[in-house]
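Visitor: Could you take me through one part of this protein closely, and then show me the chain around it? I would enjoy a connected account.

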Amino acid sequence: QVQLVESGGDLVQAGGSLRLSCAASGRIFKIDAMGWYRQAPGKQRELVAAVTSGGTTNYADSAKGRFTISRDNAKNTVYLQMNSLKPEDTAVYFCNADIVALGGRDFYWGQGTQVTVSS
């Protein structure tokens, strides 16, 4: 059974920083792309940033210049460093990963971590 567990969400003032982590565990053979999505109340889930196993990154326009995605392949972990946070960054942040595990290949989601940015 593959699991993704996020951590690092918190309440922070505008202009502050947070670092989210997401660790994958289970009978994992390979992890390809990993990413962070977010969903604000009443809105659709949207991609924030993604990173391939080779380190190529992709960011939403809203994240460019403020957020940095990285991964530690040895630890099956992906991070999202968020700086200069704005109230509009408030959302539940979800980790996603394309994983080849004992049962085959699938996309997995974490349970989400709440980020709240106060003005």
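Guide: Happy to; here is a pair of strands first, followed by the chain that holds them. Please keep in mind that this is a predicted model.

Let's begin with strand E9, which covers residues 91–101, and strand E10, which covers residues 104–109. The two run antiparallel and are joined by six bridges. Together E9 and E10 make a hairpin, with two residues between them. For a landmark in this pairing, look at valine 100: facing it in E10 is arginine 105.

Now let's step back to the whole chain. E9 and E10 belong to a protein chain with 11 strands and zero helices, so reading from the N terminus you meet β-β-β-β-β-β-β-β-β-β-β. The radius of gyration is 14 Å, close to the 14 Å that the globule rule gives for 119 residues, so the chain is as compact as a globular protein of that length. Along the principal axes, its C-alpha atoms fill a box of roughly 45 × 25 × 20 Å.

How are the contacts spread along the sequence? Taking those between residues at least 6 apart in the protein chain, 55% join residues at least 24 apart. As for burial, 42% of the 119 residues are buried.

On the outside, the protein chain exposes about 6400 Å², and 47% of that area is supplied by carbon and sulfur atoms. Finally, the charges: there are 12 positive and 10 negative side chains, with the centres of the two sets 3 Å apart.

How values were computed
Residues are numbered from 1 along each chain as its sequence is written. This is a predicted model: local features need pLDDT of at least 70, side-chain atom pairs count only at pLDDT 80 or more; totals for chains, interfaces and linings use all residues. Side-chain values use heavy atoms; hydrogens and water are left out. Helices (H or I, at least four residues) and strands (E, at least two) are DSSP runs, numbered from the N terminus. The radius of gyration is taken over C-alpha atoms; the globule rule is 2.2 Å times the number of residues to the power 0.38. Buried means under 20% relative accessible area, exposed over 50%, partly exposed in between (1.4 Å probe, protein chains only). Contact means heavy atoms within 4.5 Å. Accessible areas come from the Shrake-Rupley method with a 1.4 Å probe; for residues, only the protein chains shown count as cover. Lys and Arg count as positive and Asp and Glu as negative; His and the chain ends are not counted. The place of a charge is taken as NZ of Lys, CZ of Arg, CG of Asp or CD of Glu. Two strands pair if DSSP finds at least two bridges between them.
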